[in-house]
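Biologist: I'm new to this one, so walk me through it slowly. Can I ask you how each label was earned?

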Amino acid sequence: MALSLSNFLIPIAAILSSWLMPAVGADTVTFDWDIGWTRANPDGMAERPVIGINGQWPLPLLNITKGDRVIVNMNNKLGNETTSMHFHGMFQNGTSDMDGPVGVTQCDVPAGSSFKLNFTIDQPGTYWYHSHSRGQYPDGLRGQLIVHDPENPYLGQFDAEIPLTLSDWYHDEMPGLLAGFISYKNPTGAEPIPKSALMNDTQNLTVPVEPGKTYYFRLSNVGAFAGQYFWVEGHTMRIIEVDGVYTDPAETDMIYIAASQRYGFLVTMKNDSSANFAMVGSMDTDLFDTVPATLNTNVTGWLVYDDSAPKTAAALLDDFTPFDDFTLRPQDGMEILGDADLTVTLDLSMNNLGDGANYAFFNDITYTQPVVPTLYSALTTGANAADGTVYGEYTNSYVLEKDQIVDIVLNNADTGKHPFHLHGHNFQAIHRGPDNEGSYNATNETSFPVTPMRRDVLLVRPLANFVVRFKADNPGVWFFHCHIDWHLASGLAATFVEAPLELQKTLTIPEDHLEACRARGIPIAGNAAGNTVDMLDLKGQNESVPPLPAGFTARGIVALVFSCISAFLGMAVIAWYGAAPLSSAELASAKRFVAEHGGDTE
Ligand code: C2O
């Protein structure tokens, strides 16, 4: 598999000529997208169905200029799945309804239906776009978005841009993988391991370069799960942008880019053009429960100075020392916001519920999509919209007042790393504890950075914490979630309802958005349960799977369910899991539980 990047390279002259147009005339860029299945084999190992746009996959690279209006006319031609589209990192100021997350700001778009997004992009940088329907984007519905900036402070310091995506890749389709992942058969919550890594949706990518030139690399991790280390052999990277925020230049030999993060960096080519150089994405295997011997965790591409010179395999590294993004400083010098008016503490845990499957929790609640999308509840519950109760007990909703300074303290009681993304904002990263720091302890805090890095996805370390700060200056409903798509599916999400009463005065939901709900019988008004009369009565709300009965373990219920099945089928399948016998107390509570909830846990 080899694909030349030459058709992706954006000559700076072309960008500049479009910028020489009078600045007043922000363009409207319209995309007519048929979203449907096609087939692809990006790693050369397995052709599989993928979700494409207008019959094409990889998806189009979108080049937008800051200030442009974007209109997307989506037609869901999938036939067998609903869909949605989120432009990751866009503030959607005044257009929260165009943000995309299903159950948060809209309903899923049914097969056969159309849906229009219409919003202005007034921020520069490197982004991506992806489906925000449950577990869908890793089946291919994700692409890169670059917002060019006529006022880029680094203009003049680079000659051309190199758009680059990294991702992990699976050979099986997500619905089946998800069913296996959230299942009593997978009580530890082991995530499916990718089959390969991709660079620009291929492997062995070649990027023609010219000696002495400086390129602005636009790197987006559009993967489902794996963070990746990235480096270019023999060259230094100068980071100038992180998630769309310009930074003071920071030099490094290696970046760590978590799922959904982006980096912009300058790389100056050598003056000598006799050799070619490998650039490598290497999946972070710390995230994987097992690393199959057959898995190539790396993807390699080459900066090609001379096509007739060899493209030497990359050297294997066994030690990774990436740049610490926490030390980046925003180029605009914006200082830390004042002290928080509101601190939201989110304690992350992973545990089993009564179906024996593993779920993810904030403060012991696993996010469960409400009956009514949260934005629609905010708009239709009158004065009650300022009362978090109306958004239900399973959405981890927090109501923010206009212009409040908000801290999110995230305590990670899990041994994994998690990249957290906030919609609608960049946040300031003001504390990030090293591995095993435990929960955040404000009394130990010596000093926050004066000019903290701002970005929209921040990694929390294993058994550690972070604190991020933002100003609630963007009325809307904004999702906050782990961007490992497995963990979003297993409930690792919260909802910020920002200035709902102001929203009621400014936002009107377009008819086609409401129609997406109606077509599937989903109510568009009332509280999380769809109650339009008593907004505080949540009877009928969507609830999470009930917890395991007290004194009972996940292993127990798995063993019990298997023993029922095995008795029924006359097969001894119990042995493969949980061979240790249940205590009599476990057995008694299991029997009670099965009597109440039924033994069929799938
Ligand atoms: Cu990349 Cu909730 O989004």
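Modeller: Sure. Buried means under 20% relative accessible area, exposed means over 50%, and partly exposed lies in between. Keep in mind that this is a predicted model.

Biologist: What makes strand E13 a mostly covered strand?

Modeller: Strand E13 spans residues 214-221, and 8 of its 8 residues are buried. Thr214, Tyr216, Arg218 and Ser220 point one way, Tyr215, Phe217, Leu219 and Asn221 point the other way, and all are buried.

Biologist: Why do the side chains split into two groups like that?

Modeller: Because side chains in a regular strand alternate between the two faces of the sheet.

Biologist: How do you know that E13 pairs with E18?

Modeller: Two strands pair if there are at least two bridges between them. E13 and strand E18 (residues 262-268) have 7 bridges in the antiparallel sense, so they count as a pair. Threonine 214 stands opposite threonine 268 in E18.

Biologist: And which way does strand E10 run relative to E13, parallel or antiparallel?

Modeller: Parallel: strand E10 (residues 160-169) is joined to E13 by 7 bridges. Here isoleucine 162 stands opposite phenylalanine 217 in E13.

Biologist: Now the charges. Why is the contact between arginine 469 and aspartate 407 called a salt bridge?

Modeller: The cut-off is a side-chain nitrogen of Lys or Arg within 4 Å of a carboxyl oxygen of Asp or Glu. For arginine 469 and aspartate 407 the closest N and O atoms are 2.7 Å apart, so the pair qualifies. The pair links distant parts of the chain, 62 residues apart: arginine 469 sits in strand E29 (residues 465-471) and aspartate 407 in strand E24 (residues 405-412).

Biologist: Why are those two called buried?

Modeller: Arginine 469 has 3% relative accessibility and aspartate 407 has 7%. Buried means under 20%, so both count as buried.

Biologist: What about glutamate 210 and lysine 213, what makes them partly exposed?

Modeller: Glutamate 210 is at 44% and lysine 213 at 28%. Partly exposed lies between 20% and 50%, so both get that label. Their side chains meet in a salt bridge too, at 2.9 Å from N to O.

Biologist: How many salt bridges does the structure hold?

Modeller: It holds 22. One of them joins glutamate 47 to arginine 39, with the closest N and O atoms 2.5 Å apart.

Key:
Residues numbered from 1 in each chain as written. Predicted model: local features only at pLDDT ≥ 70, side-chain atom pairs only at ≥ 80, totals over all residues. Heavy atoms only, no water. Buried < 20%, exposed > 50% of the residue type's maximum accessible area, 1.4 Å probe, protein only. Helix = DSSP H or I, 4+ residues; strand = E, 2+ residues; numbered from the N terminus.
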